[in-house]
Amino acid sequence: MAAARPIPSFLQLPIDELADDDVQSVERPRPRDAALARGGSLRLTQPVRIAPPADDDGQTGFDDGWRTPGKSARPLTEVPALGRALTVAAQEPAGTPMPAFDRNAVLASWRTWLRAWEVDVDPAPVVDAIIERLGDSRRSFHNLERLASELARLDEWRHAAQDSAAVGFATCLRYVILDPSRCDNEARSAEFARIGLAGLGIDTNRIRLVRELIVSTREGAVIGSADARLLADIGRARLADPPRLFDTHEDDLRAESVHLVDAIYWRRRIAAIRAMLIRPSVYLTDIARGRLEAAARGNLSRRLEAR
């Protein structure tokens, strides 16, 4: 395994309180062992907890979300090497794999976005911190594979963005904090973005723009700006994937929600699918509606019928 690059100090600051009043969490108090509990930190060598609490012997199993008797558990601190390429098995049709994650390509994109904002600095510390988070093998859905797919979609639709740099940064940073049992992941990811981008010397107004884009992706948020609608549609683009790949995504999403029993998970998921289908359109932008609407509705309807 490649040696992990040191995490810079500006990504290790405590986040006892979110920076601005416009990104307030509404969660109830949770145990101290919850991911990024208050008083925690943004140290990215602490992987996100999406597994059950540790057993008496201090180990935590994850392979299927729960410990398998007689099988050694994988320690929480084990993460993949930074910058590894993803081998994507799910593909449809055969021979057409999803985009693989490429660290060098992401670094090149970040440098382009920084130059657009007249910032000349090496983004590698922040990019590697993102990779360490999303590269955790326990993430089955909000992972490097999904980030690669969304960045490819952003590249395809970049002409539709008013500020492609802001949308790009938000795309990369929106999933860095993940605890499926909490409702404030977007707010905490936005706070991570504030610390990381400030460490690169980006001015506060542009940082606020990225934070607002990230927070706009939370469930039930009012999506106002054109770039916020584009970011939402980039995240929803997977709904229009070929049927077999769509089903794989749905299975991965279920696997990541280890805190919910099947009955509760599927009640919520079916309600979310019905809410999308009763809208005039699944997507918010013209470019997504024109290219993806029919396929997404077909997948969602089929999923609804299967349950």
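**A small cavity and the core around it**

The largest cavity has a volume of about 30 Å³. The structure described here is a predicted model, and the count comes to one cavity of 30 Å³ or more. How is such a space found? Rolling a probe the size of a water molecule over the atoms shows where empty space is left.

Seven residues can be picked out around the largest cavity: Phe101, Val106, Val127, Ile130, Ile131, Leu147 and Cys172 line it. In character, this lining consists of seven nonpolar residues, with no polar and no charged ones. Helix α2, which spans residues 124-134, supplies the largest share of the lining, namely three residues.

Helix α2 deserves a look of its own. The helix is mostly covered, with 10 of its 11 residues buried. Val127, Ile130 and Ile131 are among these buried residues, and so are the charged residues Asp128, Glu132 and Arg133. Which helices do the buried residues of α2 pack against? Their partners are α1 (103-116), α3 (144-157), α4 (164-173) and α5 (185-199).

Turning to the nonpolar interior, the largest core holds 62 residues. Ile130, already met in the cavity lining, is one of the members that touch the most other members, together with Trp110, Phe169, Leu173, Leu197 and Val210. To follow Val210 a little further, its contacts beyond neighbours within four places in sequence are Trp117, Ala166, Phe169, Ala170, Ala193 and Leu197. There is also a second, separate core of five residues, including Phe141, Leu253, Leu260 and Trp266.

Notes:
Residues are numbered from 1 along each chain as its sequence is written. This is a predicted model: local features need pLDDT of at least 70, side-chain atom pairs count only at pLDDT 80 or more; totals for chains, interfaces and linings use all residues. Side-chain values use heavy atoms; hydrogens and water are left out. A nonpolar core is a set of buried Ala, Val, Leu, Ile, Met, Phe, Trp, Tyr and Cys residues joined through side-chain atoms within 4.5 Å. Buried means under 20% relative accessible area, exposed over 50%, partly exposed in between (1.4 Å probe, protein chains only). Contact means heavy atoms within 4.5 Å. On a 1 Å grid over the protein atoms alone, a cavity is a set of points where a 1.4 Å probe fits but cannot get out, and a pocket is an open set with protein on both sides within 12 Å along at least five of seven lines; lining residues have an atom within 4 Å of a point. Grid points are joined across faces, edges and corners, and a volume is the space filled by probe spheres set on the points. Helices (H or I, at least four residues) and strands (E, at least two) are DSSP runs, numbered from the N terminus.
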